[in-house]
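Biologist: Could you walk me through this one? I'd like to start with how far the model can be trusted.

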Amino acid sequence: MPAERRELSVSRHMVECGLDVDPRTEAPKPPRLVLDESEQRCLLDSVTGTAERTATAEPEEAVLMRIRNALAFLVEARMRERVR
């Protein structure tokens with residue numbers, strides 16, 4: 001606790017904290033979120049849509065096969081690009 005670190009009683013610590021506050025100052029504005037509400041909603045809709053398109057009810061082996069095929073395609077495309 002801050003009072004213990006300063007070797008003060010809790011009461012004394014509270015009084016000193018109260019004396020340090022300037023009542024004429026305004027409270028600081030809360031930090032702005034990186035995305036506003038509409039941007040957050042758009043991002044959520046996008047992620048939800050992506051999840052719905054990719055999370056199909058397939059057997060695990062079928063999903064793994066699709067991933068293997070996609071990775072093989074990407075690796076082959078990259079290798080061909082490097083050969084050129």
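Biologist: Which elements have the lowest and the highest mean pLDDT?

Modeller: Helix H1 has the lowest mean pLDDT among the elements of the protein, at 79, and H4 has the highest, at 92; pLDDT is the predictor's confidence in each residue, from 0 to 100, and helices are DSSP runs of H or I with at least four residues, numbered from the N terminus. This is a predicted model, in which local features need pLDDT of at least 70 and side-chain atom pairs count only at pLDDT 80 or more, while totals for chains, interfaces and linings use all residues. Residues are numbered from 1 along each chain as its sequence is written, and side-chain values use heavy atoms, with hydrogens and water left out.

Biologist: And what is the mean pLDDT of the protein?

Modeller: The mean is 86, and 96% of the residues reach 70 or more. Where pLDDT is low, the predicted coordinates should not be read in detail.

Biologist: Okay, on to H4: which residues make the nonpolar surface patch?

Modeller: Leu 64, Ile 67, Leu 71, Phe 73 and Leu 74 make a patch of about 490 Å², where patches take residues with over 30% relative accessible area and no salt bridge (a side-chain nitrogen of Lys or Arg within 4 Å of a carboxyl oxygen of Asp or Glu), joining nonpolar side chains (Val, Leu, Ile, Met, Phe, Trp, Tyr) within 5 Å and like charges within 9 Å. The accessible areas come from the Shrake-Rupley method with a 1.4 Å probe, and for residues only the protein chains shown count as cover. Leu 74 belongs to helix H4, which covers residues 60-83.

Biologist: Is Leu 74 buried or exposed?

Modeller: Leu 74 is exposed, with a relative accessible area of 54%, given that buried means under 20%, exposed over 50%, and partly exposed in between.

Biologist: New topic, His 13: buried or exposed, and what does His 13 touch?

Modeller: His 13, which lies in helix H2, counts as buried because its relative accessibility is 12%. Leaving out residues up to four places away in sequence, His 13 touches Pro 2, Ala 3, Arg 6 and Leu 8, with contact meaning heavy atoms within 4.5 Å.

Biologist: What about Glu 7, where is that?

Modeller: Glu 7 is in the loop between helix H1 (2-5) and helix H2 (10-20), and is exposed at 74% relative accessible area. Its phi is near 55 degrees, a positive value in a residue other than glycine.

Biologist: Last one, how many disulfides?

Modeller: The count is zero, a disulfide being a pair of cysteine sulfur atoms within 2.5 Å.

Key
Helices (H or I, at least four residues) and strands (E, at least two) are DSSP runs, numbered from the N terminus. Buried means under 20% relative accessible area, exposed over 50%, partly exposed in between (1.4 Å probe, protein chains only).
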